[in-house]
Amino acid sequence: MTEPQATTGQQVLAPGHSMASITDKVSAIVLTRPVGKRWLFGFTLGFILTCVLFTTIANLLVTGVGIWGLNAPVGWGFDIINFVWWIGIGHAGTLISAILLLLRQNWRTSINRFAEAMTLFAVSCAGLYPLLHMGRPWFFYWLMPIPNTMELWPQWRSPLIWDVFAVSTYASVSALFWYVGLIPDLATLRDRTTSRLGRMVYGVLAMGWRNSAKHWHQYETAYNLLAGLCTPLVVSVHTVVSFDFAVGVVPGWHATVFPPYFVAGAIFAGFAMVLILCIPIRAVYGLQDFITMKHLENMGKILLATCLMVSYGYAMEIFTAFYTANTYEEYLMHNRLHGPYATSYYALWFCNLIVPQVLWFKWARTNVWVLFIVSLAVSVGMWLERFVIIVLSLSRDFMPSMWGQYRGTPWDWSMYVGTIGLFITLLFLFLRFLPVISIFEMRTLLPEAKVGDHGEHS
Amino acid sequence: MASDGTTHGGTPAQQLSLINLLGAVLPIGLLAWAFAMNPPAALRSYLWAFCVVAAVPCGSLALLALQHLTGGAWGVTMRRPLEAAVRTLPLVALLFVPLALGAHILYPWANGSYTAPYPKSLYLNVPAFQLRAGVYFAVWIVLGTVLNYWSTRQDRENPPDFDRRFRLIAGPTLGLYGLTITFASIDWVMSLEPMWFSSIFGVLFGVGQILSAFVFAILMVLLFSDRPPLRGVIRAGHLRDYGSLLLAFVMIWMYLSISQFILIWSANLKEEAPYYVERSHGIWPIMAGLVVLAQFFTPFLVLLTRDGKRNARSLGWVAGMVLAARAAELYWFIAPARPVDHHTLLWSDLVALPALAGPWFLFFTWQLSRRPLLPLHVDPTPAEDHHG
């Protein structure tokens, strides 16, 4: 009865590979492949944009948050939009690595490593925003419940303070999970590298991994425990983010559907980003045997499923406005459809609802160009979604006398573009110095690994 | 291994239905009497019993689609109980008729105690309510019939690549179920308190139905697990999968419930908060606590352990407890909104549930006995046990 396993194995790993060829192919990207022009170009681009980010931050610290477009009714702008956008993108990594591991979906194996890396980089970008939004970020430790002479405590009823704990826990557990997963591969790199420096660095990072049965046993336990820990974190982080809004009584924010709707939106955006990264990486590094069409198709399916969940959220927002017959909720819908930002609302519908419908068809899910374009549309759409939720509700709430307008300043944009640069830089460094695909997990997909693994039991 | 599936599960199922027949006649008579005595109260009891009973077939439709989409041994072993439950949907539609006809007595927006403002009145009126119910049932019955018909064809002809066909309709089925059950929950339950609105309620109600259907199907599989064709097929691997999924479902349910509560509690708006204020007096907080204990904490702690999942006895107990808690949860949704005496159980409640559940279960067992208890051409072995 090994047949079904072998066929599944073939779908997620092209035939003709052996333990050695997998190790060679993946580790060569780090160890022997020369620094290419394309890598250099990407890294330089990312680095320039990161410099833009640092310039913005320097100006922000010197001048203050006034350089952003925030104003009296719209106290949350690009900073919170981008915070939510980045943190949402991170979710796919944890979903792929933890939940799909627990569900024993073996197709996750080749994409989990860089999806997790993507999570960490996205969370780093996200974390910058609320920190800098404080205006005096050097007092960030006031967010912690530290006993002090002024008896000043965080407001525990505010989800903003829950966010501090949710995001920092998420970041640290994700980092740990990623690092633990890397250890066996770091040891492989240590053993295969020819440079002295490489041996030292990878050797230290591999923490004395010797491939002993005891090591593997402890590794499996640790990895599964961390996966279990990560699973509630995926849900909790974006739930708390949704609470940031839903606890407020601003029209359009206070909806009980927000928690699951935000979590679905995060996974939607995250998978779109995984596809955006995965499609060029597999082409440039020739990894089509490892990241197969099966992976891309499955991600397309998840994209479609989460698109439908997000659409449900939009539908319920509209229905609520109608059903509650509440003046302010009704006006909010009117404002979305006919107000000054109506274009964003229609664009959001187009990007998030209409474009992904093409994924109902198999030809679309197996065409890299279609997947890439849909993913780009979704990324834009999810940014617009946060823009619509935050800016539209804040700019026109209850009292017309307090209405205002909002637009991002060049500094808002430079900060946004800068975090994209930081993300790209970190990603390119990761591609160059760490194995982009989990080598040892790929080896377990081989048919011979299956026989050796289970033969003695049956 | 699929070839032992040829034996029909008729005998045990018929034994079950005889006991049921006796138990069903008496409550029906009493419920009819309750209708004559106090129509609004009896209708309210009837609505509760209807929601408890309908949860299993409606949730089964969603689960049936889900297991076609995801595949896996848990779905194969559960498929026949789910299909049988889906085939009871026409009966459920029939059971809805008294509610459709009695809407003008039961619902505040129809009996004159609440006047819906303009755009809302387009939604909350008796003809629209009846029309929508007709649409829901039509959608469910059509989808259920197609899924059932294809399953019979698969048994009979075993056409190649039939799973793909199932998947083709399973996706839209789940989507349509999500949409219809949202509006059904608004119509049937949420509009009992017409001022109140919670946009998560449809999801909460739907997940509750899926939970009901899932534990019901677990109980059915366990009940027949020591008889052919299930004997020897059901292994620890299946039970572990059931347990893991049940754990996931109770966690989702708790997540949705607690989110709704936290958001409404913290916003403290006059349209929303009364829902929980109403339920914080009398027996309601105790009942809520028991529901959370039986539908979340106990299953969570039991199913978190490896043995709790793989042991048929503990799994059976947990499933039974969740099924009972679901009835209590629906009572907690529906009963506090009653226009009659607030804080006591009504005697019509006691007869309504057996009066509806009895005939339904009878119909279900009859449907279950008509097909083999396992699909004939689908392998029911868990994936990890394949290296034989």
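Here are some short exercises with worked solutions on this predicted model.

**Exercise 1. Work out what the contact between chain A and chain B is made of.**

Start with who takes part: chain A brings 33 residues and chain B brings 43 residues. Next, look at the area. The two chains bury about 3,100 Å² between them, and 71% of that is on carbon and sulfur atoms. Now turn to the polar side of things. The rule finds nine residue pairs in polar contact across the interface, both partners at pLDDT 80 or more, while the count of salt bridges between chain A and chain B is zero.

Then ask which helices of chain A are involved. H8 (213–246), H9 (258–284) and H10 (293–324) each supply at least two residues to the side that touches chain B. H10(A) gives the most, with seven residues. Finally, sort that side of chain A by residue type: 19 nonpolar, 10 polar and four charged.

**Exercise 2. Classify the ring pair Trp39(A) and Phe43(A).**

First, place the two residues. Both sit in helix H3 (residues 37–63) of chain A, four residues apart, or about one turn of the helix. Second, check the geometry: the ring centres are 5.1 Å apart and the planes are at 5 degrees. Planes under 30 degrees apart count as stacked, so this pair is stacked. Third, check the surroundings of Trp39(A), which counts as buried at 11% relative accessibility.

For context, the structure holds 82 aromatic pairs over all chains. Ring pairs also link a cluster in chain A whose members include Phe78(A), Trp85(A), Tyr341(A) and Trp413(A).

**Exercise 3. Decide whether the partners in two salt bridges of chain B are buried or exposed.**

Take Arg156(B) and Glu157(B) to begin with. Their side chains meet in a salt bridge at 3.5 Å, N to O. Arg156(B) has a relative accessible area of 58%, so call it exposed. Glu157(B) comes in at 43%, so it is partly exposed.

Now try Asp241(B) and Arg240(B), whose closest N and O atoms are 3.4 Å apart in a salt bridge. Buried means under 20% relative accessible area. Asp241(B) is at 15%, so it counts as buried, and Arg240(B), at 16%, is buried too.

To round this off, the rule gives 14 salt bridges over all chains. In chain A, Glu297(A), Lys362(A) and Arg365(A) are linked in a network of them.

**Exercise 4. Describe the setting of Ser174(A).**

Locate Ser174(A) first: helix H6 (residues 159–192) of chain A. With a relative accessible area of 8%, Ser174(A) is buried. Leaving out residues up to four places away in sequence, Ser174(A) touches Thr94(A), Thr119(A) and Leu120(A).

How values were computed:
Residues are numbered from 1 along each chain as its sequence is written. Chains are lettered from A and ligands numbered from 1 in the order in which they are written. This is a predicted model: local features need pLDDT of at least 70, side-chain atom pairs count only at pLDDT 80 or more; totals for chains, interfaces and linings use all residues. Side-chain values use heavy atoms; hydrogens and water are left out. Contact means heavy atoms within 4.5 Å. Buried area is the accessible area (1.4 Å probe) that two parts lose on being put together, summed over both. A salt bridge is a side-chain nitrogen of Lys or Arg within 4 Å of a carboxyl oxygen of Asp or Glu. A polar contact is a pair of N or O atoms within 3.5 Å; within protein, one must be able to donate a hydrogen and the other to accept it, and residues adjacent in sequence count only if both atoms are side-chain atoms. Ala, Val, Leu, Ile, Met, Phe, Trp, Tyr, Cys and Pro count as nonpolar, Asp, Glu, Lys and Arg as charged, and the others, Gly among them, as polar. Rings of Phe, Tyr and Trp (its six-membered ring) pair if their centres lie within 6.5 Å; planes under 30 degrees apart count as stacked, over 60 as edge-to-face and the rest as tilted. Buried means under 20% relative accessible area, exposed over 50%, partly exposed in between (1.4 Å probe, protein chains only).
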